[in-house]
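Subject: Structure for your review

Dear colleague,

Please find below the structure that I promised to pass on to you. My notes on what was found in it follow directly after.

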Amino acid sequence: MSLLSIAPERLPSGDSSDASLERTLREQQMLLESAGVGIVFIRQRVVVRCNPRYAEIFGYESAQRLAGLSSEAFYPDRDAFRALGREAYPVLARGQAYRVERQMRRRNGRLFWGSLTGRLINPQDTSEGSIWILDDIDEHKQAQALLSAAVREKQVLFDQAMVGIVFLRDRHLTRCNRHFEHMLGYGPGELAGSPSRRWYASDEDWEEVGHRCYPVLAAGQSYEGEVVMCRRDGTPLTCEVRAKFIDPDDPDQGSIWITMDISERKQAQAALARVHEQLEQQVQDRTRELRETVDNLHREISDRKADQDRIYWLAHYDPLTGLPNRTLLSERAQEAIRVAQEGNTPLALIFLDLDHFKHVNDSLGHRVGDALLVEIAKRLRAVVRDKDTVSRLGGDEFILLLPGANAHGAARVAGKLQEASRQHYQIDHHELTMAPSMGVALFPQDGADFDTLTQSADVAMYRAKLDGRNTFRFFTPEMQAQSVRALQVENALRRALERGQLYLHYQPQIHLATGQVHSVEALLRWDHPQMGSISPTEFIPIAEDSGQILQIGEWVLRTALTQLKDWHANGFPGLTMAVNLSAIQFRQPQLPELVSRILTIFELPPDCLELELTEGVAVDDPHSAVATMDSLHSRGVRMSMDDFGTGYSSLSQLKRFQIFKLKIDQSFVRDLGDDGNDRAIVSAIIRMAQALGMRTTAEGVETPGQLAFLREQGCDEAQGYLFSRPLPADELELFLRQYLPA
């Protein structure tokens, strides 16, 4: 059963569109509830939903009683259920409909015949389930059995009748029974094709019978009378004859003749009555078959109309979320722009992209990702007005068309979207939060047509991502230039690695108790021949959005460990290496195996590597974060939490994480000499880390006063320009050889 849509000449905007949609949904529901066949949606062999007719067929009071019931309950036994699965699966997997007639079992245990038609909702993903249409054909089967029995009885009667039965066409025998042959003394088949003259004694007798019988037959009547025939041996045979045209309106179809001995008159009369009754039954059966054929034709016409409606729906709506797709959005936008132009009214367009949605697909699978998109679509629809349009472009991108909305109205909608996103989504056993980055474009200043408005909103959305995500920005002309810059950086970054433009600098981390350098942090740098030195704060977010961070991150890890192995061989065997991990890298399921493999290649102990993570990696999906940290910890790799205190940290989660070290962000260290709040925060972080058995490293230490305070509070390590700026590998090695503990 297809979901119906209505395809008007022009799609209206506003309330009429929703009224049309609601009416269409009611019509669809009415079709399901009033369908003369049972319809059921099955997923994982369990009933998800069915219509009332389906429940009625199996003897249930309502369709709701079947929800959650195993579909095995509808078959005579488990073997029958499994046999159907073996036969149906190859057909369904090819995307074809599977049709079969099978015995089914009602709720009371009684078996009945049903006609089944099944089809997978998505042949590429059988987990989405299937749709089955069931027609109760038990009475039809019984009628067929009765008809077959009647036909067999007719043939037995024809072959075994104690009267002679003959079919003539143009007074030539086309068919006769054995009794007629036996009655005249001929063997089986000897009379086939013979003229009826053969069983008359003379031409005169033959012609006399013709003159007597055929005028009656031609008048549409049956002939009844006695006829003298001649056996093969020449002896006469007096028979009572009844004859008629098979079709009085078409004599060319021939005639049927019943002959019997006068001595067997009563028996012959009964046989003739039975034959006549059977012929009438055949006519009735044929009439019924014709009526069923007409009904099937009407049903096929209805199905084709439903298919056309379904094709329209698929062409204009997103099949996953049910939201309008880009085609329908474009049509509505063009109409909204025309109305805005004619009425001099405002119009706003919001381009919405979900932050880090790819992580959900990568870590939890596309099934969870699809379910999350469906729930997000529902929440978006709940925020906007009826006359607004929420459209899914594909992936995690949505566009909201807001007729009549000015800048203030668009900002209010964007704020409501942010507020709605703060509530978590419960997908299976996962609690997920998904923040949006949004760009807003206004008509007509940001674009006079749909494509230009969309492009402007897209540019503004990208700026929102650069400004920290989970926010919205209005389009400005300056953003266009910045968008061009971001595109240039993204394109250049794709070749930066192979062209050797990326390199690492290393900054020492000083152990405050001994003054020794125990570890260094690897920091990524990029020099482009035309654009010059590009800041990591600019190109790393672009690398994350474009997916290049995985390749670059693995290169950083390999390069840093290669350098560490060289330093171990050159007289610094106790030195450890800290490498920053992007949140995208951390969410890759194969990360622990990759780290172990690289350490094995370079023959380095796992405790010489420290992976620096940001607080955000654990917020989106803490369960997965704990699993990944546990796996890395079990392999001996140490982990630190970078920029601690600048993001969102749940202390209840923090104590569950296998964290070796907290790195105090430089924003707290910078004003230690002047800001009492910063001193209190840094002191609290150090005390908390000590209580949890974690080490602390202060970043951005630049003055002796900062260093003195950190030592006084018991901070374990420090790094910053007070000791050394980030250095190339050769300069850092020289620093290590010349550095004298303070």
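A residue is called buried when its relative accessible area is under 20%, exposed when it is over 50%, and partly exposed in between. Please bear in mind that this is a predicted model.

R494 is a case for these terms: its relative accessible area is 43%, so R494 is partly exposed. The residue belongs to helix α13, which covers residues 477-496. Leaving out residues up to four places away in sequence, R494 touches S546 and Q548. R494 and Q548 are 54 residues apart along the chain, and their C-alpha atoms are separated by 7.3 Å.

Overall layout

The chain is divided into four parts: domain 1 (38-145), domain 2 (158-266), domain 3 (326-475) and domain 4 (495-738). Taken over C-alpha atoms, the centres of domain 1 and domain 4 are separated by 59 Å.

Salt bridges

Side chains of opposite charge can pair when their charged atoms come close. The structure holds 41 salt bridges, and three of them are described here.

The pair E342 and R338 forms a salt bridge in which the closest N and O atoms are 2.8 Å apart. Both residues lie in helix α8 (residues 326-343); because they are four residues apart there, about one helical turn separates them. E342 has 60% relative accessibility and therefore counts as exposed, whereas R338, at 29%, is partly exposed.

A second salt bridge joins the side chains of D355 and K465, at 2.9 Å from N to O. This pair links distant parts of the chain, 110 residues apart: D355 sits in the loop between β11 (347-354) and α9 (357-364), and K465 sits in helix α12 (residues 450-466). Are these two partners buried or exposed? D355 has a relative accessibility of 7%, so D355 counts as buried. K465 has a relative accessibility of 10%, so K465 also counts as buried.

The third example is the salt bridge between the side chains of E731 and R725, at 3.5 Å from N to O. E731 is partly exposed, with a relative accessible area of 36%, and R725 is likewise partly exposed, at 42% relative accessibility. Elsewhere, D353, D355, K465 and R469 are joined into one network by salt bridges that share partners.

Backbone features

Most residues other than glycine have a negative phi, and most peptide bonds are trans. Three places in this model are worth checking against that background.

The peptide bond from F443 to P444 is cis, with omega near 5 degrees. P444 is placed in the loop between β16 (436-443) and α12.

H356 is not a glycine, and its phi is positive, near 60 degrees. H356 is found in the loop between β11 and α9, and its relative accessible area of 25% makes this residue partly exposed.

N470 is not a glycine either, and has a positive phi of about 50 degrees. The loop between α12 and β17 (472-474) holds N470, which counts as partly exposed at 37% relative accessibility.

Helices α21 and α22, and a buried threonine

Helix α21 (residues 676-691) and helix α22 (residues 704-713) have axes that come within 10 Å and cross at roughly 35 degrees. The crossing of α21 past α22 is right-handed. Which residues meet there? From α21 they are R679, V682, S683, I686, R687 and Q690, and from α22 they are F709, L710 and Q713. By class, this contact is made up of four nonpolar, three polar and two charged residues.

T696 is located in strand β25 (residues 695-698). With 1% relative accessibility, T696 counts as buried. Neighbours within four places in sequence aside, T696 is in contact with K661, L662, I685, I686, A689, G714, C715, D716 and E717. I686 is thus listed among the contacts of T696, and I686 is also one of the α21 residues that meet α22.

Yours sincerely,
A colleague

Terms used. Residues numbered from 1 in each chain as written. Predicted model: local features only at pLDDT ≥ 70, side-chain atom pairs only at ≥ 80, totals over all residues. Heavy atoms only, no water. Axes fitted to C-alpha atoms, helices over the stretch in contact; angles between N-to-C directions. Helix = DSSP H or I, 4+ residues; strand = E, 2+ residues; numbered from the N terminus. Left-handed = near helix turned anticlockwise from the far one by under 90°. Contact = heavy atoms within 4.5 Å. Nonpolar A, V, L, I, M, F, W, Y, C, P; charged D, E, K, R; others polar. Domains from an automatic or database assignment. Salt bridge = Lys/Arg side-chain N within 4 Å of Asp/Glu carboxyl O. Buried < 20%, exposed > 50% of the residue type's maximum accessible area, 1.4 Å probe, protein only.
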